[in-house]
Amino acid sequence: MAETRLVPAERARFYTVHGERRDGVDLRAARRDSLLPSLTEILRLVDDYGLRLWREHQLLLSGATTPRLPDEDDVAFCERVHQSASEERQAAAGRGIRWHRLLGQLVTSGVRPNAPADELPMLEPAFDWVETHLALGEQATSEHVVVNEDVGYAGTTDYCGVYLASDPSEPSPSPAVVDFKSQNVKLRTLKRGLAPDPSFYMRMVWQLAGYAMGLAPERERRLHISLIVSSNPDCPGVWPKIGAPDEVRHGERVVRRISLIWHELKGFGTAHDAATLRAELVELGELGELAPTGTPCLSDTNGVWTPVAVPYEAHA
C-alpha cells in the first residue's frame with residue numbers, strides 16, 4: 001500500500017482590511033478571516049525571471065566551488081551543494097532586510113543610521129541618493145501599508161513621500177512611491193565600454209503600480225521609482241528608474257489581472273467580476289494580456305500572442 005504523506009498547508013503574508021499584517025497564515029485561515037493577500041504573494045503567479053536566474057546561478061556556483069569529500073556519493077554531494085546555495089540565499093535575504101531597515105530609518109528620521117563597516121561602502125551611495133532626491137522625516141513614510149480592497153490585495157511600501165528634482169531635466173517635486181532593490185550589479189562590456197549593468201525587470205513596474213493603486217486618489221500623479229542598490233563591493237552604486245506613463249498603465253492592467261486570477265485559483269471572494277474588470281481596463285486604454293510565458297503581450301482578435309516592446313531601461 002502506498003504511503004500517504006500530508007502536504008503542509010501553503011502559508012504566506014496576508015493583511016486585514018485595516019492594514020494589519022499577518023505573517024505565516026495558511027489559505028484556510030485567510031479565507032475564514034477575510035484577509036487580503038500581499039501584493040508580493042499575488043505576483044508570485046508570474047515567473048520571477050530575475051530571481052530564478054540568480055538562484056540557478058547560485059546553485060551552479062555552489063556546485064563548482066564545493067569540494068567533494070572522499071567516498072561521498074552523488075546524493076550526499078548534491079545535498080551539500082543545495083545546502084551551501086541555500087545558506088548564500090539566506091545571507092542575501094538577510095542583507096536585503098537589513099538594508100531596507102537602514103534606509104527606512106534614514107527616511108523617517110532624516111539622520112544617517114549606523115551601518116556595518118563592511119557594508120557601508122555599498123550603502124553610502126544609497127544614503128547619498130535618498131538624502132538628495134527624497135523628502136525625509138515628517139514629509140515621508142517608510143514601511144507604509146497600502147490596502148486595495150477593490151482589486152483585492154495589500155502591501156508595504158519602502159517609501160511614500162516627495163521626489164525632489166535635482167536638475168531641470170527631471171520632473172518637478174512630485175509625490176512618489178519608491179521601491180529599494182539590492183542587486184549584485186556586475187561590470188560588463190557594453191556599447192559605452194566597461195560599465196555597471198543593473199537589471200530592471202517588468203515585475204518592478206508591476207509592484208510599484210500595485211502600491212500606487214492602493215494610494216488612490218493621488219496615484220495618477222505619483223512617480224513610480226525603482227532604485228537598485230548594488231551589493232557588489234567591486235561595483236558600488238545606485239541606479240534609479242522612473243516609470244514612464246505607458247509602463248504605469250501597463251503595470252496597473254497586469255496587477256488587476258493577476259489579482260483576479262489569484263483569487264480564482266485560491267478560492268477567495270473578489271470584488272471584481274469579469275464584466276467589471278473589463279470595463280475598468282477599457283477605461284485605462286488599450287487592453288493587454290499575459291501570455292502563458294508571463295511575457296507582456298497583446299492578443300489580437302484571433303487569439304495570436306504578439307509580443308509588445310515595453311522599454312524599461314535605466315537612465316543616467
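This passage walks through the packing of nonpolar cores, a helix pair, an aromatic pair and one buried serine in a predicted model.

The nonpolar interior makes a convenient starting point. The largest nonpolar core holds 29 residues, and those touching the most other members are Phe14, Leu39, Ile42, Tyr153, Trp206 and Ile258. At least two residues of this core come from each of strand 1 (11–15), helix 1 (27–32), helix 2 (39–43), helix 6 and helix 7. The top contributor is helix 6, which gives seven residues. For a closer view of one member, Ile42 can be followed to its neighbours: leaving aside residues up to four places away in sequence, Ile42 touches Pro37, Tyr153, Val255, Ile258, Ser259 and Trp262. Another core, of 27 residues, lies apart from the largest one and includes Val107, Tyr163, Ala176 and Leu227.

Helix 6 and helix 7 also meet each other directly. The axes of helix 6 (residues 202–213) and helix 7 (residues 245–266) come within 8 Å, crossing at roughly 80°. Because angles of 65 to 115 degrees count as roughly perpendicular, this crossing makes helix 6 roughly perpendicular to helix 7. On the helix 6 side, the contact is made by Met202, Val205, Trp206, Ala209, Gly210 and Met213. Helix 7 answers with Glu247, Val248, His250, Gly251, Glu252, Val254, Val255, Arg256 and Ile258. Sorted by class, the residues of this contact are nine nonpolar, three polar and three charged. Two names here will be familiar from the largest core, since Trp206 and Ile258 are among its members that touch the most others.

Aromatic rings offer another view of the packing. Across the whole structure, a search finds two aromatic pairs. One of them joins Trp129 and Tyr163 in a tilted arrangement, with 6.4 Å from centre to centre and 40° between the planes. This pair links distant parts of the chain, as Trp129 belongs to helix 5 (residues 120–133) and Tyr163 to strand 6 (residues 159–163), 34 residues apart. Both partners are shielded: Trp129 is buried with a relative accessible area of 7%, and Tyr163 is buried with 2%. Tyr163 is also one of the residues of the 27-residue core.

A serine rounds off the picture. Ser62 is located in helix 3 (residues 49–65). Its relative accessibility is 4%, so Ser62 counts as buried, the cut-off being under 20%. Beyond residues up to four places away in sequence, Ser62 touches Val81, Ser84 and Ala85.

Methods: Residues are numbered from 1 along each chain as its sequence is written. This is a predicted model: local features need pLDDT of at least 70, side-chain atom pairs count only at pLDDT 80 or more; totals for chains, interfaces and linings use all residues. Side-chain values use heavy atoms; hydrogens and water are left out. Axes are lines fitted to C-alpha atoms, for helices over the stretch in contact, and angles run from 0 to 180 degrees between N-to-C directions. Helices (H or I, at least four residues) and strands (E, at least two) are DSSP runs, numbered from the N terminus. Angles under 35 degrees count as roughly parallel, over 145 as roughly antiparallel, 65 to 115 as roughly perpendicular and the rest as oblique. Contact means heavy atoms within 4.5 Å. Ala, Val, Leu, Ile, Met, Phe, Trp, Tyr, Cys and Pro count as nonpolar, Asp, Glu, Lys and Arg as charged, and the others, Gly among them, as polar. Buried means under 20% relative accessible area, exposed over 50%, partly exposed in between (1.4 Å probe, protein chains only). Rings of Phe, Tyr and Trp (its six-membered ring) pair if their centres lie within 6.5 Å; planes under 30 degrees apart count as stacked, over 60 as edge-to-face and the rest as tilted. A nonpolar core is a set of buried Ala, Val, Leu, Ile, Met, Phe, Trp, Tyr and Cys residues joined through side-chain atoms within 4.5 Å.
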